Amino acid sequence: MPSTSKSNCQKPKKVEFIPEPKQPWQVEQPRRNWLDLPSDVMSNMLSRLDVLDILENAQKVCTTWRKICKDPSMWRVICLDYWHETYMRKHAVDRSQGQLIDITINCFGDEILQYVADRSSQLRRLKVVCYYGYAAAYRSWTETLKKFPLLEDLSLFSLEISKEAIETAGRYCPMLITFELNKRAFCGSLGDAGNEIAIAIGENLHKLDHLELIGNSLTNIGLQVILDGCPHLKSLDLRKCCSLDLKGELGIRCSRQIKYLKLPGDSLEGCPYMYKNDDFDDDDDVGYWVYAGLDFEDFTVDHDF
């Protein structure tokens, strides 16, 4: 047999391992530092938090966030809810440093409204909601409205307001174009007294563009005054105004003059702060109120109201 020398032996080829490329989902993403975000972006994100979350949590994360949370521009639009302590509500107003333009006060209180009026002359929108199941009275509306010369939007839910206060709004709030005065309907007859607010609106709030009077006791007389005195009115909500009769000429005029008209018999579905259904029970003053998906019972049972 022929001899085989070592020189004739072939060495095995070296195989080079080439790893497969990683898929996009396998690539390790670099860690992002939230502090690297532009201040305006971070401010926009933090402004979406609840007042409680900002004051008790967000501003304590770091000095950068605290600086942003103390910026008055963060507090130009605020919502004060029933679970906010009084000191917290006042602190939120103070943080605006007079730049507050839009405020919602859920769970009405005289003290905080007075506090806002004394410190927020630039206010343009005011919404106040009462959840007690009856129309609460605020005796200082006349003096309060004098302090809001730039007010454009006034929304009151289950709150009473006097004709004198309406007259004050007409005199001291020349930019007011939206007025909402909504409450639970009273289907009895109040006579001339039922038209008092409607007449005051028609005689004083001539620049109104949008008017809501859900549950108001006005009659055709009061509605006539509103149509005569508010020539710019485009949107009118008369749901649950039980004393109106719009079957005749007045109804025809409403349909011609008002672009967006809601009639007394229209459903309240989708209307915030109002009723679950259209059935009324005099023995249950609070069972119809709805807020954020919760019944009034949830407020009184589960929370320190």
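How many disulfides does the structure hold? I began my notes with this, keeping in mind that the model is predicted, and I found that the count is 0.

**Entry on the cysteines.** I recalled that a disulfide is a covalent bond between the sulfur atoms of two cysteines. I then looked up C62, and its sulfur lies 8.7 Å from the closest cysteine sulfur, which belongs to C69 and is too far away for a bond. Since a disulfide is counted for sulfur atoms within 2.5 Å, I could follow why C62 is left without a bond to C69 at 8.7 Å. Turning to C69, I noted that its closest cysteine sulfur is in turn that of C62, again too far for a bond. I also compared their surroundings: C62 has a relative accessible area of 22% and is partly exposed, whereas C69, at 0% relative accessibility, counts as buried.

**Entry on two helices.** Next I looked up helix α4, residues 86-95, and helix α5, residues 110-117, whose axes come within 10 Å and cross at roughly 15°. Because of that angle, I wrote down α4 as roughly parallel to α5. I added that the crossing in which α4 passes α5 is right-handed.

Which residues of α4 and α5 make the contact? On the α4 side I listed T86, R89, K90, V93 and D94, and on the α5 side E111, I112, Y115 and V116. When I sorted the residues of this contact by character, I had 4 nonpolar, 4 charged and 1 polar.

How values were computed:
Residues are numbered from 1 along each chain as its sequence is written. This is a predicted model: local features need pLDDT of at least 70, side-chain atom pairs count only at pLDDT 80 or more; totals for chains, interfaces and linings use all residues. Side-chain values use heavy atoms; hydrogens and water are left out. Axes are lines fitted to C-alpha atoms, for helices over the stretch in contact, and angles run from 0 to 180 degrees between N-to-C directions. Helices (H or I, at least four residues) and strands (E, at least two) are DSSP runs, numbered from the N terminus. Angles under 35 degrees count as roughly parallel, over 145 as roughly antiparallel, 65 to 115 as roughly perpendicular and the rest as oblique. A crossing is left-handed if the near helix is turned anticlockwise from the far one by less than a right angle, and right-handed if clockwise. Contact means heavy atoms within 4.5 Å. Ala, Val, Leu, Ile, Met, Phe, Trp, Tyr, Cys and Pro count as nonpolar, Asp, Glu, Lys and Arg as charged, and the others, Gly among them, as polar. Buried means under 20% relative accessible area, exposed over 50%, partly exposed in between (1.4 Å probe, protein chains only).
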